[in-house]
Amino acid sequence: DRSYTTGAATASARETWARMWYLAHPSLIVLSLLSSIDAFSSIDPLLTSYLLRSVRADDGGKAAAHFTFNDYMQAAVGLQSWESSLRKGRLPLGKRDFVKDDVWPEEPLFGKVTDVMSRLGLPRLIRRHPEIKSSVLLEVARIVVEFTRSRERGKLVVVEDQQEDEVEDDPWAIEDDDTNDSVVFEYRPMLEGELDKLADQLAGNIQDQFGSVVNGVSLLDKVFGYDH
């Protein structure tokens with residue numbers, strides 16, 4: 001059917017145009033255009049909106065730390081897998097639960113997040129109380145955005161053995177009034193151990209956010225039953 005083929009091609013062209021238009025206009029939110037894409041139809045609009053607001057255009061600055069449109073696409077697909085698993089009362093078990101045969105978020109964050117959620121018993125709680133599922137997934141999204149930005153920015157360190165004339169021209173130089181020396185800072189890629197520590201710290205936010213909730217709801221369930 002020629003009309004069907006033409007219609008499908010037009011829809012695909014519109015989808016491609018919407019994504020390209022957003023890349024060209026990073027300060028604008030085009031949720032209304034992207035929300036019609038079937039691939040993301042199962043995602044809570046709250047999550048999609050948050051991810052899109054987190055996207056920043058790369059300006060090439062020294063302190064650039066960006067959650068890109070490509071990061072958004074990966075997060076949108078990854079959150080679908082999380083949503084599907086949590087709906088069944090379990091965590092994603094590994095690559096087989098993800099569309100692209102790779103865990104999301106990437107390690108070490110994936111392992112840290114799943115460990116904390118498993119200890120808290122969040123998957124079982126979500127199965128009994130599905131109304132909290134979006135809140136949990138939103139916290140996962142926030143953690144991933146922060147991890148991505150910190151990893152892309154790197155760690156701020158002191159630059160050693162700088163020539164005097166280079167230091168004077170560097171806009172990042174900080175003058176030390178006591179020693180009359182200049183200290184220069186720069187960002188460098190984070191080491192594996194630093195990324196692991198960052199992932200552990202961010203995953204701890206889940207404990208902080210939902211630890212008391214899990215205990216409180218579990219107590220109410222014991223007293224009044226799951227349907228209270």
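In what order do the elements of the chain run from the N terminus on? They run α-α-α-α-α-α-α-β-α-β-β-α.

**Figure 1. Overview of the chain in a predicted model.** The secondary structure comes to 9 helices and 3 strands; these are DSSP runs numbered from the N terminus, with helices (H or I) of at least four residues and strands (E) of at least two. Of the 228 residues in the chain, 40% are buried (under 20% relative accessible area, with exposed over 50% and partly exposed in between; 1.4 Å probe, protein chains only). The chain exposes about 14000 Å², and carbon and sulfur atoms supply 49% of this area (Shrake-Rupley method, 1.4 Å probe). Among contacts (heavy atoms within 4.5 Å) with a separation of 6 or more, 66% join residues 24 or more positions apart. Residues are numbered from 1 along each chain as its sequence is written, and side-chain values use heavy atoms, leaving out hydrogens and water. In this predicted model, local features need pLDDT of at least 70 and side-chain atom pairs count only at pLDDT 80 or more, while totals for chains, interfaces and linings use all residues.

**Figure 2. Confidence along the chain.** The mean pLDDT (the predictor's confidence in each residue, from 0 to 100) is 76, and 61% of the residues reach 70 or more. Among the elements, helix 5 (residues 109-120) has the highest mean, 96, and helix 2 (residues 31-34) the lowest, 44. Residues 2-8 have pLDDT below 50 and 0 contacts beyond near neighbours in sequence. Over residues 163-168 pLDDT also stays under 50, and the model has 4 contacts beyond four places in sequence for this stretch.

**Figure 3. Helix 4 against helix 7.** The axes of helix 4 (residues 69-87) and helix 7 (residues 133-153) come within 11 Å and cross at roughly 145° (lines fitted to C-alpha atoms over the stretch in contact; angles from 0 to 180 degrees between N-to-C directions). The crossing is right-handed (the near helix is turned clockwise from the far one by less than a right angle). Helix 4 contributes Asp-71, Leu-79, Trp-82, Glu-83, Leu-86 and Arg-87 to the contact, and helix 7 contributes Lys-133, Leu-137, Ala-141 and Thr-148. By class, these are 5 nonpolar, 1 polar and 4 charged residues (nonpolar: Ala, Val, Leu, Ile, Met, Phe, Trp, Tyr, Cys and Pro; charged: Asp, Glu, Lys and Arg; polar: the others, Gly among them).

**Figure 4. Surroundings of Ser-54.** Ser-54 is found in helix 3 (residues 45-54). With a relative accessible area of 4%, Ser-54 is buried. Neighbours within four places in sequence aside, Ser-54 is in contact with Phe-67, Val-145 and Arg-149.
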